[in-house]
Amino acid sequence: MQMLESNFLSECYKQTFWKKNDRLLLAVSTGVDSMVLLDLIMKLPLKVKPWFAVAHVNHQLRNESQNEAAFLEAFCLDNGIPYFSTKWEKSEQPKTGTEAAARTFRYEFFKKIMAEEKISHLVTAHHGDDQAETILMRLVRGGHLESIAGIQTDREFYHKQLVRPLLAFTKGQLLEYSKNHQVFYFEDKTNLDDGYTRNRYRNHILPLLKKENPQVIQHFNDFSNDLQEILEIVQLQIMTSYQKVVKQESKGTWKLTISDFQQYPSSLRKQILNHFLQELLKQTTFSYQRNHLAKILELIESQQPNGELHFSNQWYGIKSYDSFYVTNEKIISKSSFYSTELPLNSWVDLPNGERVGFFKTTDYKEKETPNQLVIYLNPASLELPLTIRNRLPGDKMSLKGKSRGHKKLKDILIDQKIPLEQRNQAYLIADNQKKIIWLIEYKESQLSIAKETDKIQYILVYDKNEGIEKEKTINAK
């Protein structure tokens, strides 16, 4: 028995690819690869042969495609194999990016059939030469280690499994099998067209490498397997660390705690951040370029307490002291975000011309005016220094008069029917533990207490008069 057939059968007995009671959908194009796969599964002994069906997509990109579809349908009918097919209508085909679009159409069709027929495994005929081509293309194009590791023998596919049982074999072995077992197949003439990227690697680069070393396909497979195993081990460490430093604050906002993040060595920090961005890429409309990774690390590790990066699709990266946010909530813009420390016993002028003061009551000698808002605080309940800033996505505060729980600042402002632009300009004051003390003009926290003349307290003063006086001066000029 030939090596391909015996090894394939051995893996089926070991139930490496699937189990006897699984249901398979074979993606068959009528090329040599998929026809050999179909033949191998048809010849499996009954005790290891699962139920299987064939799926075929007529892309209508070649004149021969209609004949190929008709042949495969008749073949399946003659052999009692359930057959599912579809056409890629020419009106749906793009003028550019045909390869990628065809693949998307194909896999959406497979997904649909698997759901309707309760199929557990999609089986494709990718082989060792495909693996080598893929690794070479991704190395040249540039990409993350996960992509450079190449094609996996099995992976999740829409909560089912995608299996590639021929990866351990070369194209030459498949051709030899088809010849020895008289497996009929169609030759796709577009495989010779160097207009397709993969074909240039297949027809020119890989033959040179095989000439250098006839075992090169095996070496690519070994490289892929080794790298995938290492990545699997490393990924456990990355995931554990990632979950400790990144939390989702709201539907469109994630927060990374910088002090926790910086406890890890620089090599792991980079991988945590890379995993963070990859997760956002999978779950949302977020997209980024490779150089953003370096820019985020630079911002996080810089001495500046605040900063912002703009990605794409209205996604922002915002640093605010010990937090780095990735958000699409669009409440912050580079020109308007404000954050500064609020020292004790001093005033801070705000960009809008108003000012905020923070004092001990024993040191505050000014008279309160109608244009001032004030709150009193217990020094024991705070950790200094205080910060005054614009709100950030996910900000929450306790509410004065409520014994428990927190409420999002966004919801507080919406409840008060504050216009969006005004919400974006709101100021808050927080202590060094990030406890929000006051959403100025809108809501006080549980930390706000009544004035007591016989005790030393802190007083926060929001002076709107400062802005009025400045406006009068400007108008007088």
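**Close-up views of a predicted model**

**View 1. Five strands side by side.** Here 5 strands make up an open sheet, running in the order 12-16-19-20-21 with antiparallel pairing. At the edges stand strand 12 (339-342) and strand 21 (443-444); each has a single partner strand, so one side of each goes without a neighbour in the sheet. As a reminder, strands of a sheet pair through backbone hydrogen bonds, either parallel or antiparallel. Keep in mind that everything shown in these views comes from a predicted model.

**View 2. Zooming in on strands 19 and 20.** Strand 19 (residues 427-430) and strand 20 (residues 436-439) are joined by 3 bridges, in the antiparallel sense. Which residue of strand 20 is the bridge partner of I429? That would be W438.

**View 3. K360 and its surroundings.** K360 belongs to strand 14 (residues 355-360). Is K360 buried, exposed or partly exposed? Its relative accessibility is 32%, and because buried means under 20% and exposed over 50%, K360 counts as partly exposed. Setting aside neighbours within four places in sequence, the residues in contact with K360 are L344, N345, Q457 and Y458. For a longer-range ruler, try I437: K360 and I437 are 77 residues apart along the chain, and their C-alpha atoms are separated by 16 Å.

**View 4. Inside the largest nonpolar core.** This core has 32 residues, and the ones touching the most other members are F8, W18, L26, I41 and V54. Two or more residues each come from helix 1 (3-13), strand 1 (23-27), helix 2 (32-42), strand 2 (51-58), helix 3 (65-78) and helix 7 (171-180). Helix 2 is the top contributor to this core, giving 7 residues. Now pick out L26: not counting residues up to four places away in sequence, L26 touches L38, I41, F52, A53, V54, A55 and V123. A separate core lies apart from this one; it has 27 residues, including Y288, L297, W315 and V326.

**View 5. Helix 5 and what covers it.** Helix 5 (residues 128-141) passes a quick length check: at 1.5 Å a residue, its 14 residues should span 20 Å, and the end C-alpha atoms are indeed 20 Å apart. Most of helix 5 is covered, with 10 of its 14 residues buried. Which residues of helix 5 are buried? They are G128, D129, D130, Q131, A132, E133, T134, I135, L136 and M137. What do the buried residues of helix 5 pack against? Their packing partners are helix 6 (145-148), helix 7, helix 8 (197-212) and helix 9 (216-245). Just past the end of helix 5 comes G142, with a positive phi of about 95°.

**View 6. Stepping back to the whole protein.** Altogether, the protein has 15 helices and 23 strands. Its radius of gyration is 32 Å, well over the 23 Å that the globule rule gives for 477 residues, so the protein is more spread out than a compact globule. Along the principal axes, the C-alpha atoms fill a box of roughly 100 × 45 × 45 Å. Of the 477 residues, 45% count as buried. The accessible surface comes to about 25700 Å², and carbon and sulfur atoms hold 50% of that. As for contacts with a separation of 6 or more, 67% are between residues 24 or more positions apart.

Terms used. Residues are numbered from 1 along each chain as its sequence is written. This is a predicted model: local features need pLDDT of at least 70, side-chain atom pairs count only at pLDDT 80 or more; totals for chains, interfaces and linings use all residues. Side-chain values use heavy atoms; hydrogens and water are left out. Helices (H or I, at least four residues) and strands (E, at least two) are DSSP runs, numbered from the N terminus. Buried means under 20% relative accessible area, exposed over 50%, partly exposed in between (1.4 Å probe, protein chains only). Contact means heavy atoms within 4.5 Å. A nonpolar core is a set of buried Ala, Val, Leu, Ile, Met, Phe, Trp, Tyr and Cys residues joined through side-chain atoms within 4.5 Å. Two strands pair if DSSP finds at least two bridges between them. The expected span of a helix is 1.5 Å times one less than its number of residues. The radius of gyration is taken over C-alpha atoms; the globule rule is 2.2 Å times the number of residues to the power 0.38. Accessible areas come from the Shrake-Rupley method with a 1.4 Å probe; for residues, only the protein chains shown count as cover.
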